[in-house]
Amino acid sequence: MSTTFQAMIVTQTAPGQFQRAIVTRNLNDLPDGEVLIRVRYSSLNYKDALSASGNRGVTRRYPHTPGIDAAGEVQESSSPDFSPGDAVIVSCYDLGMNTSGGFAQYIRVPARWVMPLPAGLSLRESMIYGTAGFTAAQSVARLQRHPVLPEQGKILVTGATGGVGSMAVAMLALSGFSVAAATGKLEQAQFLRDLGAQEIVPRENSIDRSGRMLLKEKWAGVIDTVGGEMLATAIKSTRYGGAVTCCGNTASPDLPLNVYPFILRGVSLLGIDSAECPMAVRIPIWQKIATTWRLPNLEYLAMEISVKELDQHIERILQGKQKGRVILNLDA
Ligand SMILES: NC(=O)c1ccc[n+]([C@@H]2O[C@H](COP(=O)([O-])OP(=O)(O)OC[C@H]3O[C@@H](n4cnc5c(N)ncnc54)[C@H](OP(=O)(O)O)[C@@H]3O)[C@@H](O)[C@H]2O)c1
């Protein structure tokens with residue numbers, strides 16, 4: 001088939017320099033795979049911005065099309081599990097990392113990366129959640145399984161206005177938890193309160209540099225999206241027997257900490273990975289997203305853009321300015 005389509009391409013122009021452009025591509029340019037998908041919506045995640053700016057930890061080879069999320073209809077399938085017209089989601093695995101991603105009207109991927117769109121969600125709604133919403137949902141589920149219970153006290157969410165953070169605030173509030181939102185954007189306090197946060201913690205108050213090994217017990221649980229000193233401070237401030245999830249490194253990949261919160265307070269640190277999360281875990285979490293965690297304020301969290309507007313939003317997310325979720329309409 002010689003169909004052409006629109007895609008963002010990131011190209012290396014000189015050592016350390018990368019250029020983004022919207023170009024016309026041909027289906028023959030796509031990698032091999034069992035399922036060809038006409039993408040209707042994608043979304044912008046922090047990892048996409050890293051891929052779109054030449055980060056070799058995310059994408060080794062350029063030219064490249066980023067986009068770790070895609071939702072659309074199956075166009076062709078050599079797998080018995082999918083038929084033309086099926087509404088599907090592809091989120092994570094290698095999509096958008098070293099496989100041509102969702103910032104394009106078509107993707108071609110292995111069938112094992114594809115899942116049916118959960119009943120009750122539209123393609124557009126699925127991308128408002130996207131990898132960020134899925135990661136927030138995994139984090140809340142891990143706290144609940146620990147278990148951390150609403151009556152045990154407040155849950156701290158760091159990077160609260162970002163994609164994962166804002167989704168986590170809303171899902172925790174919907175699940176009956178009292179939420180404290182740590183943010184560097186105090187002007188977005190009302191946004192966070194509207195999502196269900198009961199307390200706003202300024203970023204500078206969420207970082208302790210006293211050198212103390214343990215801090216006053218404040219949080220029954222924590223959902224951390226930023227890493228570094230803020231994660232270390234949150235762990236030192238978690239109550240006896242509490243749990244802290246760790247999914248991101250927006251501030252830093254380091255964790256300046258000692259073992260005392262773990263051996264004196266029994267605090268648990270729970271790692272969250274969405275990229276390689278197996279379908280056996282992924283599908284039940286998406287079903288919870290479509291039912292229990294179907295947010296009444298979903299649209300309030302979302303901003304829809306076209307491919308032409310992607311560039312400016314990639315810069316915004318790299319600067320830590322993202323608020324809520326940016327979804328990409330591939331037909332706009
Ligand atoms: N493990 C996984 O599978 C997985 C999946 C998805 C995402 N992630 C990771 O999770 C993190 C968040 O992703 P995202 O898509 O939600 O990104 P995002 O939308 O950019 O949100 C990150 C938020 O962190 C805060 N922040 C930014 N720079 C900071 C700094 N220097 N110090 C402290 N806080 C800072 C900001 O919120 P405030 O202004 O409100 O503080 C920002 O909006 C990223 O590191 C991403 O790679 C991991």
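In this predicted model, Trp286 counts as buried, with a relative accessibility of 0%. Its ring doesn't sit there alone: Trp286 pairs up with Phe134 in a stacked arrangement, the ring centres 6.1 Å apart and the planes at 10° to each other. That angle falls under the 30 degrees that marks a stacked pair, so the label follows directly. Phe134 is buried too, again at a relative accessible area of 0%. The two rings come from separate helices, Phe134 from α2 (residues 123-145) and Trp286 from α7 (residues 279-290), so the contact ties together parts of the chain that lie 152 residues apart in sequence. Searching the whole structure turns up five aromatic pairs, and the Phe134–Trp286 stack is one of them.

Aromatic rings also pick up company from lysines. Lys288 lies over the face of Trp293, 4.3 Å from the centre of the ring. A similar picture turns up at Phe191, where Lys323 lies over the ring face at 4.7 Å from its centre.

Then there's the ligand, which has 28 residues around it. Thr161, Gly163, Val164, Thr183 and Ser274 are the closest of these. Gly163 also offers a polar backbone atom, 2.8 Å from an oxygen of the ligand. Lys185 uses its side chain instead, with an N or O atom placed 2.9 Å from a ligand oxygen. On the nitrogen side, a ligand nitrogen is 2.9 Å from a polar backbone atom of Ile272. As for overall cover, the ligand taken alone exposes 920 Å², and the protein buries 87% of that area.

Conventions: Residues are numbered from 1 along each chain as its sequence is written. This is a predicted model: local features need pLDDT of at least 70, side-chain atom pairs count only at pLDDT 80 or more; totals for chains, interfaces and linings use all residues. Side-chain values use heavy atoms; hydrogens and water are left out. Rings of Phe, Tyr and Trp (its six-membered ring) pair if their centres lie within 6.5 Å; planes under 30 degrees apart count as stacked, over 60 as edge-to-face and the rest as tilted. Helices (H or I, at least four residues) and strands (E, at least two) are DSSP runs, numbered from the N terminus. Buried means under 20% relative accessible area, exposed over 50%, partly exposed in between (1.4 Å probe, protein chains only). A charge sits over a ring if NZ of Lys or CZ of Arg is within 6 Å of the ring centre and within 35 degrees of the ring normal. A residue is near a molecule or strand if one of its heavy atoms lies within 4 Å of it. A polar contact is a pair of N or O atoms within 3.5 Å; within protein, one must be able to donate a hydrogen and the other to accept it, and residues adjacent in sequence count only if both atoms are side-chain atoms. Accessible areas come from the Shrake-Rupley method with a 1.4 Å probe; for residues, only the protein chains shown count as cover.
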